[in-house]
Amino acid sequence: MKIRFTKMHGCGNDYVYVNGFKEKIPQDKKEKLVRRLSDRHFGVGGDGVIFINPAPETEGGEPADFEMEMYNADGTRAEMCGNGIRCVAKYVYDKGLTDQTAIRIVSCGRVKPLELAIEDGRAVGVKVNMGRPVLRAEEIPVVSDHEEVIAEEIRVGGEVYQMTCVSMGNPHAVVFVEDVDGLKLEAIGPEFENHIRFPRRINTEFVRVLDRETVQMRVWERGTGETLACGTGACAAAVACVLNGLTQEEVTVKLLGGELRIRWDREEDLVYMTGPAETVFEGEMEISQGSME
C-alpha cells in the first residue's frame with residue numbers, strides 16, 4: 001500500500017500530513033501507521049501525524065470547513081495542536097481545497113476559526129482563535145484540592161516545583177524556571193508527563209520570563225517528548241504568565257524552533273495565536289501489510 005503525504009512544520013513542530021479526502025485508512029490501522037510514519041529512522045519522521053478530513057457533524061451544529069484528526073508520535077490521539085492547525089490551514093489553501101482566507105477547522109469536536117496571510121498565492125502565516133482557556137482543575141484535568149491550580153507546589157523527581165495548569169483543548173502544566181537552556185528535560189519531562197496528579201498525562205512547559213513582553217520556553221509533549229515548539233503550550237504559558245502577574249496580555253514566546261505571538265484578550269476571554277506554517281516536502285511511502293497488523 002502506498003500513502004501520499006506532506007511534511008510540514010510550524011516553528012519546527014513537524015508533522016506528517018495525510019489527505020483524508022483521498023487516502024482512506026481504516027480506523028483500526030491508524031495507530032500503527034502513525035507510529036511508522038512518525039519514526040525518524042524507518043519512516044518519514046515527525047512529532048506525529050495529522051489527517052486532513054472533510055468536516056463531520058459537530059456537537060451543537062457549529063459549522064466547520066475541515067477536520068484535523070491528530071495523533072502523537074506514539075499513536076495516541078491528541079485533542080489539539082496549535083502549530084498543526086496552522087499547517088492544516090496552509091495545506092487546504094495551498095492545495096486549492098478552499099479559496100477562503102477565513103476558515104474553521106474542527107478537532108475532537110472543538111471548532112477553531114483561522115485567518116490566513118497570503119503572499120504570491122500561498123499561505124505564509126496564520127492567526128488562530130484558540131478559544132477560552134480552561135482553568136478549572138477537574139476540567140483540565142489535574143488532581144488538586146483547589147478549584148484552580150495557580151502557582152501550586154508539585155514534587156517531581158525529588159524536587160519541588162510550582163505549576164500553573166491550563167487546558168487549551170489539551171492539558172498543560174506551566175513551570176517557571178530561571179534557566180531553560182540547562183534544563184535536563186529528557187529526565188524531568190517524562191516524570192511530569194506520567195505524574196499521578198495528571199489522569200490523562202500532561203504537556204509541560206518550562207518558561208523563563210525575559211521581560212513583560214517576552215518569554216523563553218521549552219516543552220515536553222505527552223506521547224512525543226521534547227518538541228521544537230508547541231502552539232497550545234505557548235498559549236498556556238502566556239495565560240499562566242498573566243495569571244501570575246509576570247507579563248502583559250500579549251507576549252512573544254521564544255521556542256527552540258521559532259517565535260509565536262500570543263494574546264489573551266481578557267475582555268473576550270479568548271486566546272489568539274499568530275505564527276508561521278511551512279511545507280518541507282511531499283512524498284509517497286510504501287507501507288507493507290505486515291507492518292499494519
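**Strands, turns and a buried alanine**

Strand 6 and strand 7 (residues 122–131) run antiparallel and are joined by six bridges. This pairing, like everything described here, belongs to a predicted model. Within the pair, L116 finds its bridge partner in V126 of strand 7. The two strands make up a hairpin in which two residues lie between them, and D120 in the turn shows a positive phi of about 50 degrees.

Strand 6 also has a partner on the other side of the sequence. Strand 5 (residues 102–107) runs antiparallel to strand 6 (residues 110–119), and six bridges join them. Here V106 is matched with V111 of strand 6 as its bridge partner. This pair, too, is a hairpin with two residues between the strands, where C108 takes a positive phi near 50 degrees. For a reader tracing these strands on the structure, a general point may help: in a regular strand the side chains alternate between the two faces of the sheet.

Stepping back to the whole molecule, the protein chain contains four helices and 17 strands. Its radius of gyration is 18 Å, close to the 19 Å that the globule rule gives for 293 residues, so the protein chain is as compact as a globular protein of that length. Taken along the principal axes, the C-alpha atoms of the protein chain fill a box of roughly 50 × 40 × 35 Å. Of the 293 residues, 56% are buried. When contacts between residues at least 6 apart in sequence are considered, 63% of them join residues at least 24 apart.

The surface can be described in a similar way. About 12,800 Å² of the protein chain is exposed, with carbon and sulfur atoms supplying 44% of that area. The protein chain carries 35 positive and 50 negative charges, and the mean positions of the two sets lie 4 Å apart.

One residue beyond the hairpins offers a closer look at the interior. A137 sits in the loop between strand 7 and strand 8 (152–156). Its relative accessibility is 4%, and because buried means under 20%, A137 counts as buried. Apart from its neighbours within four places in sequence, A137 is in contact with V142, S144, H146, E147 and V149. As for S167, 30 residues separate it from A137 in sequence, while the C-alpha to C-alpha distance between the two is 9.1 Å.

Note on methods: Residues are numbered from 1 along each chain as its sequence is written. This is a predicted model: local features need pLDDT of at least 70, side-chain atom pairs count only at pLDDT 80 or more; totals for chains, interfaces and linings use all residues. Side-chain values use heavy atoms; hydrogens and water are left out. The radius of gyration is taken over C-alpha atoms; the globule rule is 2.2 Å times the number of residues to the power 0.38. Buried means under 20% relative accessible area, exposed over 50%, partly exposed in between (1.4 Å probe, protein chains only). Contact means heavy atoms within 4.5 Å. Accessible areas come from the Shrake-Rupley method with a 1.4 Å probe; for residues, only the protein chains shown count as cover. Lys and Arg count as positive and Asp and Glu as negative; His and the chain ends are not counted. The place of a charge is taken as NZ of Lys, CZ of Arg, CG of Asp or CD of Glu. Two strands pair if DSSP finds at least two bridges between them.
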